Amino acid sequence: MISIIFGKTKPINFIIVFTFLLMFYWGVHFFLFDRVYAPDVLLQKTLVLGVLLFSIFLVNFIVKRNKVTGPNSFAILFYALLIVVFPETLLDSNAIWSSFFLLLAIRRLVSMRSERDTKFKIFDATIWILVSSLFYDWAILYLVLVFAAIAFYKPENFRNWLAPLAGLFTVYLITKSILILTGNKDFLLEHYEFHVSPDLAYFSYWGHSTKLVLFAIVTALAGLMAFIKLGKSNFGRAITIRLIVLSFVIGLVVNLLKLSDNVYPVMLVFFPAVVFLTKYVESIRRAHIKEIALVVAIIVPFLMLLTGIAIR
């Protein structure tokens, strides 16, 4: 039943996912974590919800436009399920904004395989990553993804290597101008401090890094198994997959560097994770086994949610 519904790209799939996320978002805020907001803050949270829902569109657009996955809606389903696994990330507006801008950057980098307007795509991706870093300082590490894309696609063109510098200069000028106008000139110096303060006790809490470790292991295994089953030629464009794998690794590094209370950057890793999970499901040939895998994939996140509620 699940594979029949989400095994195709239909508008009803978006309606199901959007309706669920709409209810789940407010349920997490008002009931799971008992938050109360003033009217102006409530309006801000509504805007963040809109960004989250638009991120679903972006995920679907990237995987379909670039043929990263097959013609199905498993990617948006898994994206919603990962939010269930990590409901606390919905409290962190910076996570949603940062993830959104990273999706815009990845969209441009993945599309570089067409070899059209390469410099503009590098420039745009650099800008979106730098904007993302305004919400999480360590998100600036995703610039590695830009230079990796240049090395993979067009390393011989020297001007491609200069495009990120142009993007950096552009974002700096615009941001600095806005900060001067708003009287917050010291924001950049205060924001980009890049503190690293690992807390090993943080790993003992189920709602934080314990789930992150399990998530990283399961996702990596799913990607590896799909790669083995489908073979390199059928796993998608090789360079695209390399970029997605690198994005996954960088995201995990950012999560380790940002370990602290009230900060949940795990959403930055959701896109590569849903690609791996989707490819694994696609690699299952037998319909009944695929259905069982999808049922388990839906039940487990809610069991984890209930477990988290029980031990709070």
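This report covers the nonpolar core, one internal cavity and residue F302 in a predicted model.

**Core.** The largest nonpolar core holds 95 residues. L52, Y79, I83, L90, Y142 and F271 have the most contacts inside it. Take L52. Beyond residues up to four places away in sequence, L52 touches Y25, Y79, I83, L90, I96 and M267. In soluble globular proteins, nonpolar side chains tend to be buried together.

**Cavity.** The model has 3 cavities of 30 Å³ or more. The second largest encloses about 50 Å³. Its lining includes Y79, Y142 and F271, which are also among the residues with the most contacts inside the core. M267, a contact of L52, lines this cavity as well. The other lining residues are S99, L102, L103, I106, S247, L268 and P272. Two or more lining residues come from each of α5 (93-110) and α12 (270-283). The largest share is from α5, with 4 residues. By type, the lining splits as follows.

| Residue type in the lining | Number of residues |
|---|---|
| Nonpolar | 9 residues |
| Polar | 2 residues |
| Charged | no residues |

**F302.** This residue sits in helix α13, which spans residues 287-311. Is F302 buried or exposed? Neither label applies: F302 is partly exposed, because its relative accessible area of 31% falls between the 20% and 50% cut-offs. Leaving aside neighbours within four places in sequence, F302 contacts F20, L81 and V84. D124 lies elsewhere: F302 and D124 are 178 residues apart in sequence and 38 Å apart in space, C-alpha to C-alpha.

Terms used
Residues are numbered from 1 along each chain as its sequence is written. This is a predicted model: local features need pLDDT of at least 70, side-chain atom pairs count only at pLDDT 80 or more; totals for chains, interfaces and linings use all residues. Side-chain values use heavy atoms; hydrogens and water are left out. A nonpolar core is a set of buried Ala, Val, Leu, Ile, Met, Phe, Trp, Tyr and Cys residues joined through side-chain atoms within 4.5 Å. Buried means under 20% relative accessible area, exposed over 50%, partly exposed in between (1.4 Å probe, protein chains only). Contact means heavy atoms within 4.5 Å. On a 1 Å grid over the protein atoms alone, a cavity is a set of points where a 1.4 Å probe fits but cannot get out, and a pocket is an open set with protein on both sides within 12 Å along at least five of seven lines; lining residues have an atom within 4 Å of a point. Grid points are joined across faces, edges and corners, and a volume is the space filled by probe spheres set on the points. Ala, Val, Leu, Ile, Met, Phe, Trp, Tyr, Cys and Pro count as nonpolar, Asp, Glu, Lys and Arg as charged, and the others, Gly among them, as polar.
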